[in-house]
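Visitor: I am new to reading protein models, and I would like a close look at one part of this one. Could you show me the structure and then take me slowly through a single helix and what surrounds that helix?

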Amino acid sequence: MDRKAPNLRDPIEPSTLIDSAIRIGLVGLLVYACARIVLPFAFLLIWSAILAVMLHPLHRRLAPRLGHRGSALLIGLIGVALMLGPMVILVTSLATSLYSAVSSLQAQGVTMPQPPLWLDGTPLVGKKLTEIWTLVASNLPAALSKYGHLVSGPVAWLASFAGDLAIAELSFVASFAIAAVLIVHGQRAAGFAHRTLERITGSDERAARLVTLTAATIRGVGLGVVGVALIQSLLLGCGFFAIGLPAAGPLTLVALLLGIMQIPLILLTLPVVGYVFYFEATQPATIFLIWNIVVGLSDNILRPLVLGRGLEVPMPIILIGVLGGLIVDGLLGLFVGPVLLAVSYVLLIEWLQNNSV
């Protein structure tokens, strides 16, 4: 009895469940190994990509004259000069202030005035606060021995934070260098993102829309929120340093935080102006007041110029991104957090709207 010879053109049998599990396991192992290598640099790479997307329109204008590499190099050098120069001054001042405060506390060289009379009449906590304040003002060693365990943790955190600021400076330098490289290969990166999203969504049109929406969100939030806050904080910092405030660095960082969270800067500048009028002469204090008013109102001009068209990201998203990024990755996370969370929010809304139709 003749048997039918096997036909080489017959379809191959589907993989067994064990074969599929092995393949998935190998892919998962590869992803895990790559993630372990990349994870320490994740925020740095994300911030570099954000910078590249934000600066790519400028690169397209300069590239016909300077070439792709020349344009990217010029943008990188100007970015380092304009952004990191003031950042180094700010971070150095902040670190000096923190170290000075910690050293004074450890050397018991802190002096405080007596508590105000109204503090004792404050409901619930007034008497206790007055007692602690009086003890610190009159006998600091006794106050440290009694309440030192309450401040040891925050003091250690401040000292560690001051030491990490130098690492943040190096991270910003590296991010601009990486961003300059990414700008040169911007078209390839955009094509890779497009192909990846097309594979995920199964639609070329939707992939193109998601790439465009992501870039618009990065530029809108990165420039309209983070960029404006950075410009305003640097301008305020110039006034703080010019008037000679002892805590100019920390105050500038607080202004940056408030600006990114879009909290009115008057909450910071009003007490500072009052302090300057109390300790400085009338003429420089008046000039300082005018400068703060001009800087405080400048966002009405800056934000419409750089804010993305038609992009609306709720304020809680920005706030959570700022605080979460700051906690997770320090100063670098302060910039990455709100942009990353805003992009995720916009993509989520886009996905929900398309699936609800």
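Guide: Of the 357 residues of the protein chain, 34% count as buried, and since you are looking at a predicted model, please read every value here as computed from that model. The accessible surface of the protein chain comes to about 22300 Å², and 70% of that surface belongs to carbon and sulfur atoms. The protein chain holds 12 helices and 0 strands, so that reading along the sequence gives α-α-α-α-α-α-α-α-α-α-α-α, by the way helices and strands are assigned. Among the contacts in the protein chain with a separation of 6 or more, 69% are between residues 24 or more positions apart.

Before we turn to the helix itself, a record is worth having at hand. An unreviewed UniProt entry carries the annotation "transmembrane region" for several stretches, including residues 20–53, 221–245 and 285–305. In the model, residues 20–53 are 91% helix and 0% strand, with the end C-alpha atoms 38 Å apart. Residues 221–245, for their part, are 92% helix and 0% strand, and here the end C-alpha atoms lie 31 Å apart.

The part I suggest for our close look is helix H10, which covers residues 282–297. One of its partners is helix H7, made of residues 204–243, and the axes of H7 and H10 come within 10 Å and cross at roughly 175 degrees. Angles over 145 degrees count as roughly antiparallel, and H7 and H10 are therefore roughly antiparallel to each other. On the H7 side the contact is made by Gln-232, Leu-235, Leu-236, Gly-239, Phe-240 and Ile-243, while H10 contributes Pro-284, Phe-288, Trp-291, Asn-292, Val-295 and Gly-296. Sorted by class, this contact of H7 with H10 has 8 nonpolar, 4 polar and no charged residues.

Another partner of H10 is helix H9, residues 266–279, and the axes of H9 and H10 come within 9 Å and cross at roughly 170 degrees. That crossing makes H9 roughly antiparallel to H10. From H9 the residues in contact are Thr-269, Val-272, Val-273, Val-276 and Phe-277, and from H10 they are Thr-282, Ala-285, Thr-286, Phe-288, Leu-289 and Asn-292. By class, the residues of the contact of H9 with H10 divide into 7 nonpolar, 4 polar and no charged.

Asn-292 deserves a pause, for this residue of H10 appears in the contact with H7 and also in the contact with H9. With a relative accessible area of 6%, Asn-292 counts as buried, because the cut-off for buried is under 20%. Leaving out residues up to four places away in sequence, Asn-292 touches Leu-236, Phe-240, Thr-269 and Val-273.

Ile-293 also lies in helix H10, but Ile-293 is partly exposed, with a relative accessible area of 46%. Ile-293 and Leu-270 are 23 residues apart in sequence, and their C-alpha atoms are 9.8 Å apart in space.

For a comparison elsewhere in the chain, consider Asp-329, which lies in helix H12, residues 315–356. Asp-329 is partly exposed, with a relative accessible area of 34%. Asp-329 and Ala-42 are 287 residues apart in sequence, yet their C-alpha atoms are 10.0 Å apart in space.

Note on methods
Residues numbered from 1 in each chain as written. Predicted model: local features only at pLDDT ≥ 70, side-chain atom pairs only at ≥ 80, totals over all residues. Heavy atoms only, no water. Helix = DSSP H or I, 4+ residues; strand = E, 2+ residues; numbered from the N terminus. Buried < 20%, exposed > 50% of the residue type's maximum accessible area, 1.4 Å probe, protein only. Contact = heavy atoms within 4.5 Å. Areas by Shrake-Rupley, 256 points an atom, 1.4 Å probe, with all protein chains shown as cover. UniProt positions renumbered as here; feature names shortened; annotations may be inferred. Axes fitted to C-alpha atoms, helices over the stretch in contact; angles between N-to-C directions. Parallel < 35°, antiparallel > 145°, perpendicular 65-115°, else oblique. Nonpolar A, V, L, I, M, F, W, Y, C, P; charged D, E, K, R; others polar.
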